Amino acid sequence: MMSLVSLLLVGILFPTIQAKQFTKCKLSDELKGMNGHGGITLAEWICIIFHMSGYDTETVVSNNGNREYGLFQINNKVWCIDNENLQSRNICDISCDKFLDDDLTDDIMCAKKILDKEGIDYWLAHKPLCSEKLEQWQCEKW
C-alpha cells in the first residue's frame, strides 16, 4: 500500500511529458505555417521529419557525444541546452526537453531559426531522401 501511495505522489508531483506520435496528415496540419519558409515545401519537411524521428516527439538520439531532440532532431551543442551539455550555445534559448512534448510551437520556431542560419542541409536526410519525388509525402487533402 505504501508503494502505491508513493507511486501516486510521484505521478502528481512530476507530471509526464505529453509526447505525441504524429501521422503524416496530422503533422502536415501542424506544420502548414512552415510551407515555403526558406524555399522548403511542406512535403520536404514531412519527409525529413519521418527520416529523422519517425514523427515521434519523444525521439532523442545520441550522436558523436551530443544529443538531438524531438521531431526535428535539434542538437544540444548549438541550439538548445540540457544536462548533458551545459556549454551549449543555446541559440534557440530553450531547454532541449521542450522539444519532446506535443506542443510544436517552440520546435517550429527553432527549426526555422536553424533553416535561416544553416540551411536545409542541417538535416542530413534532406539531400539523399527528401529533395525529389515527394508525392508520397503529401497528404491527400492538399
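1. Asn90 is placed in the loop between S3 and H4. The model is a predicted one, and the backbone at this position deserves a look. Phi of Asn90 is near 50°, a positive value in a residue other than glycine. Most residues other than glycine have a negative phi. Is Asn90 buried or exposed? With a relative accessibility of 17%, Asn90 counts as buried, because the cut-off for that class is under 20%.

2. A second residue with a positive phi is Asn64, at about 55°, and Asn64 is not a glycine either. Asn64 sits in the loop between strand S1 (60-63) and S2. Its relative accessibility is 76%, so Asn64 counts as exposed. Side by side, then, Asn90 is buried, whereas Asn64 is exposed.

3. On the overall fold: the chain has five helices and three strands. Read from the N terminus, the order of elements is α-α-α-β-β-β-α-α. The chain has 142 residues, of which 40% count as buried. For contacts between residues at least 6 apart in sequence, 52% join residues at least 24 apart.

4. How many salt bridges does a search of the whole structure find? The search finds two. In general terms, side chains of opposite charge can pair when their charged atoms come close. The two pairs are set differently along the chain and are taken one at a time below.

5. One salt bridge pairs Lys26 with Glu30, where the closest N and O atoms are 3.4 Å apart. Both residues belong to helix H2 (residues 24-30) and stand four residues apart, about one turn of the helix. Lys26 has 35% relative accessibility and therefore counts as partly exposed. Glu30, at 33%, is partly exposed as well.

6. Glu30 also has contacts beyond its own helical turn. Leaving out residues up to four places away in sequence, Glu30 touches Phe22, Leu104 and Ile108. Helix H4 spans residues 105-118, and the number of Ile108 falls in that range. Asp103 is 73 residues from Glu30 in sequence, yet their C-alpha atoms are 9.6 Å apart in space.

7. The other salt bridge joins the side chains of Glu84 and Arg67, at 3.9 Å from N to O. This pair links distant parts of the chain: Arg67 is in strand S2 (residues 66-69), Glu84 is in the loop between strand S3 (74-75) and helix H4 (105-118), and 17 residues separate the two. Glu84 has a relative accessible area of 55% and so is exposed. Arg67, at 27%, is partly exposed. The 3.9 Å distance may be read against the 4 Å limit that defines a salt bridge here.

8. Ser95 is another residue of the loop between S3 and H4. Its relative accessible area is 30%, so Ser95 is partly exposed. Which residues does Ser95 touch, not counting residues up to four places away in sequence? They are Cys80 and Ile81. The C-alpha atoms of Ser95 and Cys80 are 5.5 Å apart, with their positions 15 residues apart in sequence.

9. On annotation: an unreviewed UniProt entry lists residues 92-110 under "domain: Glycosyl hydrolases family 22 (GH22)". In the model, the C-alpha atoms at the two ends of residues 92-110 lie 6 Å apart. The span is 32% helix and 0% strand. The annotation comes from the record and may be inferred rather than shown by experiment.

10. The largest pocket has a volume of about 180 Å³. Which residues line the largest pocket? The lining consists of Met52, Val61, Asn63, Glu68, Gln73, Tyr122, Trp123 and Leu124. By class, five of the lining residues are nonpolar, two are polar and one is charged. Tyr and Trp count as nonpolar in this scheme.

11. To sum up the loop between S3 and H4: Asn90 lies there and is buried, Ser95 lies there and is partly exposed, and Glu84 lies there and is exposed. For a check of backbone geometry, the residues to inspect include Asn64, with a phi of about 55°, and Asn90, with a phi near 50°.

Key:
Residues are numbered from 1 along each chain as its sequence is written. This is a predicted model: local features need pLDDT of at least 70, side-chain atom pairs count only at pLDDT 80 or more; totals for chains, interfaces and linings use all residues. Side-chain values use heavy atoms; hydrogens and water are left out. On a 1 Å grid over the protein atoms alone, a cavity is a set of points where a 1.4 Å probe fits but cannot get out, and a pocket is an open set with protein on both sides within 12 Å along at least five of seven lines; lining residues have an atom within 4 Å of a point. Grid points are joined across faces, edges and corners, and a volume is the space filled by probe spheres set on the points. Buried means under 20% relative accessible area, exposed over 50%, partly exposed in between (1.4 Å probe, protein chains only). Contact means heavy atoms within 4.5 Å.
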